[in-house]
Protein chains: 4
Amino acid sequence: MLNIAVIGAGRIGQVHARTIASHPGAALALIADPFGDAAEKLAAVHGARHTTDIDSVFTDGSIDAVVIGSPTPLHIPHLLAAAKAGKAVLCEKPIALDMKDVEAAREELDAVSTPVMFGFNRRFDPSFAALRAAVADGRIGDLESLLIISRDPAAPPIEYVKVSGGIFRDMTIHDFDMARFFLGDIVEVHAFGQNFDPGITQAGDFDAAVVTLRNADGVVATIINNRKCSAGYDQRLEAQGSTGTLNADNVRATTVRLSNGEATDAAEPYLDFFLQRYADAYRLELSAFINAVAEGRTPPTSIADAIEALHLAEAATESARTGRAVTL
Amino acid sequence: MLNIAVIGAGRIGQVHARTIASHPGAALALIADPFGDAAEKLAAVHGARHTTDIDSVFTDGSIDAVVIGSPTPLHIPHLLAAAKAGKAVLCEKPIALDMKDVEAAREELDAVSTPVMFGFNRRFDPSFAALRAAVADGRIGDLESLLIISRDPAAPPIEYVKVSGGIFRDMTIHDFDMARFFLGDIVEVHAFGQNFDPGITQAGDFDAAVVTLRNADGVVATIINNRKCSAGYDQRLEAQGSTGTLNADNVRATTVRLSNGEATDAAEPYLDFFLQRYADAYRLELSAFINAVAEGRTPPTSIADAIEALHLAEAATESARTGRAVTL
Amino acid sequence: MLNIAVIGAGRIGQVHARTIASHPGAALALIADPFGDAAEKLAAVHGARHTTDIDSVFTDGSIDAVVIGSPTPLHIPHLLAAAKAGKAVLCEKPIALDMKDVEAAREELDAVSTPVMFGFNRRFDPSFAALRAAVADGRIGDLESLLIISRDPAAPPIEYVKVSGGIFRDMTIHDFDMARFFLGDIVEVHAFGQNFDPGITQAGDFDAAVVTLRNADGVVATIINNRKCSAGYDQRLEAQGSTGTLNADNVRATTVRLSNGEATDAAEPYLDFFLQRYADAYRLELSAFINAVAEGRTPPTSIADAIEALHLAEAATESARTGRAVTL
Amino acid sequence: MLNIAVIGAGRIGQVHARTIASHPGAALALIADPFGDAAEKLAAVHGARHTTDIDSVFTDGSIDAVVIGSPTPLHIPHLLAAAKAGKAVLCEKPIALDMKDVEAAREELDAVSTPVMFGFNRRFDPSFAALRAAVADGRIGDLESLLIISRDPAAPPIEYVKVSGGIFRDMTIHDFDMARFFLGDIVEVHAFGQNFDPGITQAGDFDAAVVTLRNADGVVATIINNRKCSAGYDQRLEAQGSTGTLNADNVRATTVRLSNGEATDAAEPYLDFFLQRYADAYRLELSAFINAVAEGRTPPTSIADAIEALHLAEAATESARTGRAVTL
């Protein structure tokens, strides 16, 4: 039984707390959040302890593992403190917005042997994971191209956009990891930015983008991003191979369809937003972490994955500005 | 080159005329209709001759085949006159509403050797025909059950309902033939009628029905009929077999789908009404007739099919009234 | 916090135990099963107590509610003992196979005031529940007909068939409840049985059936059942109303589709079997029970629902034998 | 009645001949092909005249319009000869592979007043045309991005590839026109080429490509091309707008779907190849030509469309070589 502490009692902390509480191999031991009310409330739901003293998590000898759901700027400090204290760590993404900080963290992590995993939850989405397993099983022969359609239902507040690091670091980062999940290391990046929202334009950011990535084998991934999609949270994947094509459509809560005189076979909206759409993914990601730690296996994602995704975000930012493909 | 005359310049006559005109193995020679304007207009479109004298069709030595699209009460007189004159005949359904008339016609037809085909057009619908071919090819093993959903977009005028012979003779007749297309001869019929429309109720008819048929091998077909379906002209088929299931969905003019905040993946309405929905079926049916005649083969449907479907309509009428299954 | 005991540590007991353990308003207090190993093992997973003494459940003052997942013949004894002990009860279906036993149980239950709910889990399936809510919201106007397709992937062992009470009591029972969920009280039943499997035929049972039901408003439900469906666990629903049609398709674990030279858009198999397909339904059913008890509301299903479904099973059995519609 | 001559009795000439023969407003007067057998055979099917002397078409005073289906290098000579002779002309694409030749042809055409249309048949595909009409009707608000997936089932023979002008001129040309159909004039092009087939690589060409186009309003079109797609002739379109998304899926001959233990809801292969997939498009394109000429309207496509598509092909070729976006 793995005793786990969750740092951060916000939305994502609540999701992880619920998974831990119902996992047969783990116990939700402690919720830590500087806002005591949030920690207390979440702890009460699951019968866990709570604290406002984050540092006490790292010195608590009864804690085996820490799930970090604190704000992004605190990810690296919490991650390093936990890892150095010998705790297994699952750290939410993005690890940080600045590459220097991440590189420095990697050096420090290299010196510790505790298992550390990074939250690329979409790899654990049942449909995306099944699609990749089918590719790995040779169901479409050799992979030739990948199409990732990834659109948010609505743009975040402009104040968030300004500090987000830009669309490629903030939004496409998930898709870069998905591309790497299928293609491995990327050697060439081209990005095309679009602007519709005046506020986002003034903030110096794009609100839509098309990114094309190539790996050393010539396999190409195309990512289509929009900050705002009126059809909802549009999350699709398509892999084309030498003997067939696999795709994963959007997910809906039910299979109900309505037909009448105006339209036929009309489905309900897509699951919206990421906490609903990727609820299974978050749960399966955390289970993978718990199981890896329990069985002494290396967790399925690492700081290297976080670094590589961030590299791709930087390359895309440059490419979208210069109109040139960037070679890595 | 088969020289064909069309009797009746109404909707169905126009459909057949167009098919004949563009068929490489046939020539549209003559349009006959007591309403001279209709015949003249249709003949002009295709460069054919026209006449108001129906009898002249049968004595015209240049005519090889006759397509009968006249009103139902004239089907048998026109059919017999054409067949006795040695013309090949394609007769639209229903051949008649009264079984005695049809039985008498069969006796007369037995005495002539000219090819005579009856218009069960749905057998030629590309999806239904492909589904049946797949069943025949063993794609679902042994056929175990068939589901026919067949709903009209709106009830006909009440004056029509009164002389229609009732829902089973007028509407289900197509589905009885479809059931026979898959199951062959039927040995047991049960029908359940429904009433929603007061006018239809007063006319002594049903406006919806569920009919269950069984053949000698125990295979069951279920027919679901509605005179009025707000989702449009709903025409589906599903066959369940010992190794799988096949279904044929409704048909739409395009593959376009719309997704927005209210609904996703919404398709356009079904093709509506039968002239659109079964346009390919009418064309392929007439081609089958032309080819059978040209190649000296027996046409794919016969007066026996018309008689059997009418028998099932009578049995269903009795069953719906008595609440008892009728054995044939 | 509702303290709940589960009687029966088999498959369905395990499902309910997991739901209770992760429900914020309930605690899994006790697992009771005459097979001590099963009870102990299941209790260990969730940190609950366990016992082989079923009667001790009813006398345990710390237990607020009992979930009965024992074998069918024990349902009524356990149900009555628990209810008389003042426990809230959720009893799995079928309550019993013999109507007399159920009627007797109803009389005894009438004398106690504790909340008792019966496990018609399919009412809680997200798609079926959403479809019914859409009907209730008037999305298709007035309900005119319902189609229930309900096929098991494979027939149960012949020894089970022999004691099952027949297809209508054992399998269609769920669909009778679904029909009642939409149509309310039924006034007329017609059933058509089919036989393919020699073993089932020898056992005097059917292995497929088509049942047609009518309520007092003339709304008709058609149920299509098969003991064996090679396409998998086929569970669909379609409601036709005066302004539109709603359907709920089968459920799959992912949205992945494969296209290649042989077939396109091929989805994975349906969720199979009922513990997977109706996993959400079992969870939501139990939540509805917990919430109703916690809030002092009458649970959403009652012994009257169980009795009515059993009445329909008896009527269908008679109709299938006689070929006559049965009026209730 | 428009008297039309068809130059070229090959596959596309046969398609156009059939459409003309069955069009009520046109007569198929003459088939011209240097291979006399082909011309004679096709003429016989439709009861038309035939000739091996192409020049005689232009001097034949009974001919009102000419459809040019000769080999690409003869397009411009035939087009100019027909236009100068005062015939209306429908010229198949590509008009030519070299921009200089096309520019020269444009100058000559500017001097004549006869209607000349170019065969961008995909604009007339029912699904694509309906999707564009829905965009024009504001069904998705302002168009923000377009996705064109366009994959051939198999690469052409390597000898063809060598003289094809490259994937962008030979294959993407259709998609460039589709992008222009939705976005109008393009101001920026970026192309990413891929290589899998060694023969195509040696021929200096790509066998797959991703092209991104932007118009002056910032709307982006992404084109995904493959010379070989094992799932068949994959032709899809998706338009994303400010209030919704529209997509047009692949087209199949029937709606039949198969479900069994291995896969469910499996559809048949896509229509394959372009003569089948775009049969309706070819027919509607030619009807649009006939109707425009008959009614004295300007045909819906012009040499300017052909030139603009060729410009985009040249820009894409340059971009794919240099890795830089090309500004037009």
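Contact here means heavy atoms within 4.5 Å. The model is predicted.

**Exercise 1. Size the interface between chain B and chain C: how many residues of each are in contact, and what area is buried?**

Step 1. Count the residues. Chain B supplies 37 residues, in contact with 38 residues of chain C.

Step 2. Take the area. About 2900 Å² is buried between chain B and chain C. Carbon and sulfur atoms give 51% of that area.

**Exercise 2. Which polar links and salt bridges join chain B to chain C, and which elements of chain B take part in the contact?**

Step 1. Count the polar contacts. There are 21 residue pairs in polar contact between the two chains, both residues at pLDDT 80 or more.

Step 2. Count the salt bridges. The rule finds 4 across this interface. One of them pairs Arg236(B) with Glu238(C), at 2.6 Å from N to O.

Step 3. Place the contact surface on chain B. Elements giving two or more residues to the side that touches chain C are β7 (143-151), β8 (186-194), β9 (208-215), β10 (220-226) and β11 (234-241).

Step 4. Sort that side of chain B by class. The tally is 12 nonpolar, 16 polar and 9 charged residues.

**Exercise 3. Is His23(A) buried or exposed, and what does His23(A) touch?**

Step 1. Locate the residue. His23(A) sits in the loop between α1 (11-22) and β2 (26-32) of chain A.

Step 2. Apply the cut-off. Buried means under 20% relative accessible area. His23(A) has 14% relative accessibility, so it counts as buried.

Step 3. List the neighbours. Leaving out residues up to four places away in sequence, His23(A) touches Ser287(A), Ile290(A) and Asn291(A).

Step 4. Check the local polar pair. A polar side-chain atom of His23(A) lies 2.9 Å from the backbone nitrogen of Gly25(A).

Definitions and conventions: Residues numbered from 1 in each chain as written. Chains lettered and ligands numbered in written order. Predicted model: local features only at pLDDT ≥ 70, side-chain atom pairs only at ≥ 80, totals over all residues. Heavy atoms only, no water. Helix = DSSP H or I, 4+ residues; strand = E, 2+ residues; numbered from the N terminus. Buried < 20%, exposed > 50% of the residue type's maximum accessible area, 1.4 Å probe, protein only. Polar contact = N/O pair within 3.5 Å; in protein donor to acceptor, adjacent residues only side chain to side chain. Buried area = accessible area lost by both parts, 1.4 Å probe. Salt bridge = Lys/Arg side-chain N within 4 Å of Asp/Glu carboxyl O. Nonpolar A, V, L, I, M, F, W, Y, C, P; charged D, E, K, R; others polar.
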